[in-house]
Amino acid sequence: MLASLLMTAVAVSGVHVATAQAQTTIMSPGDKAPVAQNVTTETLLKGLEHPWSMAFLPNDAGMLITERSGHLNYWKQGSDKPVVISGSPKVWTNGQGGLLDVVLAPDFAKTRHIYLSYAEEGKDGKAGTAVGFGRLSEDNTRLENFKVVFRQEPKLSVGNHFGSRIIFDRKGYMFIALGENDQRPTSQDLDKLQGKIVRLFPDGRIPQDNPFVGKQGVRPEIWSYGHRNQQGAALNPWTGALWTNEHGPRGGDEVNIPEPAKNYGWPLATYGINYSGLPIPEAKGTDGAGLTQPIYAWKVSPAISGMAFYDHDRFAPWKQSVFIGALAQQRLLNLKVDGATLKDEQVIFEGERIRDVKVGPDGYVYVLTDTGDGKLIRLGLQN
């Protein structure tokens, strides 16, 4: 069911656009973020095949790292190379598809459950995002009894725009940020799971207070819609709210604070254009009636990926900020968080395609680089 919306174009006259929810900050082509000069870097691991995500195990027990090719790895600092964990699901490795996110269950200390998102093939050769969980063995070498709890339907991807990040909130709900499989109109189709954020219980059940439960022709899993290709998500440690980021087309990358039942505009409204240089066919401008603006957007796409808030005492200058990776611009960005706004963008590190970023228990910032010889790099600040 295509959501029918009356569009009203809004012209962008400066770097700030007023919205009902919050103010959108627009980084224009002339904006050049300053580069931090006092950052330390240490390469901890090399030879990863397009690594996608990482998760720290508790009690300094090491970390889990996914490779898009399908490997789930266990690595502990001091080891020359990771150990491949057996038992991970079969993945569809084509284009941007493969093994994607890895997240510990909120009750990992009790269950040792870990969640994975990945591209799953359908009957017609196309694919969609799936999410499941299994039990990590005590020696961190096996994933046992893997169970699929979510499948993106229908399966429409031929290799593009899977998303996908998994976030658990403080109440234990699981949010999955999904791409629209490079099928633009599906982001507005509420009978499809493309371009949506879905909210589930950890076992895949649908909460009855989801905003569209009971509405005919609408998928009850949906939390918010009108998203493009969501590559980063994190829980704001100061408010408990879910934040996400997503790729625009040619321009129009954005950061959102998704709220229930809200429409974030794609492809009806965007700050970007098509890769051909022509306008997005469905777009009527940068805003419209019934649409929610991002809190931050780039007119030139960094190709953002990965997101991590910094709430650690180790490096005071990074407190109350968020890190966002960039693929095309090959850099790690840092922005100050001021309530529901972002400001003071700066470049922390550059020269590598950053796929994921996490803050470690030690207060250092860890990034994964997206190449066939990918790296795990640890970043800090000079004293």
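**Exercise 1. Which residues have the most contacts inside the largest nonpolar core, and how many residues does this core have?**

Solution.
- Note the source: this is a predicted model.
- Count the members. The largest nonpolar core has 28 residues.
- Pick out those with the most contacts inside this core: Trp318, Leu332, Leu376 and Leu379.
- Find the contributing elements. Those giving two or more residues include strand S3 (39-48), strand S23 (341-350) and strand S26 (374-381).
- Look around Trp318. Its contacts include Val39, Tyr310, Phe323, Ile348 and Leu379, with residues up to four places away in sequence not counted.
- Check for another core. A second, separate one has 20 residues, including Leu178, Leu193, Val218 and Ile222.
- Put this in context. Nonpolar side chains tend to be buried together in soluble globular proteins.

**Exercise 2. Work out the order of the open sheet that contains S8, and find its edges.**

Solution.
- Trace the order: S8-S9-S10-S11, with antiparallel pairing.
- Locate the edges. Strand S8 (99-104) and strand S11 (143-151) each pair on one side only.
- Gauge the twist. Neighbouring strands are turned by 25 degrees against each other on average, direction ignored.
- Inspect one pair. S8 and strand S9 (residues 113-121) are joined by four bridges. Val102 stands opposite Leu116 in S9.

**Exercise 3. Locate the largest pocket and the largest cavity, and describe their linings.**

Solution.
- Start with the pocket. Its space is about 890 Å³.
- Go to its centre. Of 33 lining residues, the closest are Val103, Ile167, Leu235, Lys358 and Val359.
- Assign strands. S8, strand S12 (163-168) and strand S16 (229-235) are among those that each supply at least two lining residues.
- Turn to cavities. There are two of 30 Å³ or more, and the largest has a volume of about 70 Å³.
- Read its lining. Among the residues are Glu254, Tyr264, Tyr271, Asp287 and Pro294.

**Exercise 4. Find the cis peptide bonds at Pro154 and Pro267, then examine phi at Ala261 and Asp344.**

Solution.
- Recall the background. Most peptide bonds are trans, and most residues other than glycine have a negative phi.
- Take Pro154. A cis bond joins Glu153 to Pro154, with omega about -10 degrees. Pro154 sits in the loop between S11 and S12.
- Take Pro267. Trp266 and Pro267 share a cis bond with omega about 0 degrees. The loop here runs between strand S18 (253-256) and strand S19 (296-298).
- Take Ala261, in the loop between S18 and S19. Phi is near 70 degrees, a positive value. Ala261 is partly exposed, at 31% relative accessible area.
- Take Asp344, in strand S23. Phi is near 55 degrees, again positive. Asp344 counts as exposed because its relative accessibility is 54% and the cut-off is over 50%.

How values were computed:
Residues are numbered from 1 along each chain as its sequence is written. This is a predicted model: local features need pLDDT of at least 70, side-chain atom pairs count only at pLDDT 80 or more; totals for chains, interfaces and linings use all residues. Side-chain values use heavy atoms; hydrogens and water are left out. Two strands pair if DSSP finds at least two bridges between them. Axes are lines fitted to C-alpha atoms, for helices over the stretch in contact, and angles run from 0 to 180 degrees between N-to-C directions. A nonpolar core is a set of buried Ala, Val, Leu, Ile, Met, Phe, Trp, Tyr and Cys residues joined through side-chain atoms within 4.5 Å. Buried means under 20% relative accessible area, exposed over 50%, partly exposed in between (1.4 Å probe, protein chains only). Contact means heavy atoms within 4.5 Å. On a 1 Å grid over the protein atoms alone, a cavity is a set of points where a 1.4 Å probe fits but cannot get out, and a pocket is an open set with protein on both sides within 12 Å along at least five of seven lines; lining residues have an atom within 4 Å of a point. Grid points are joined across faces, edges and corners, and a volume is the space filled by probe spheres set on the points.
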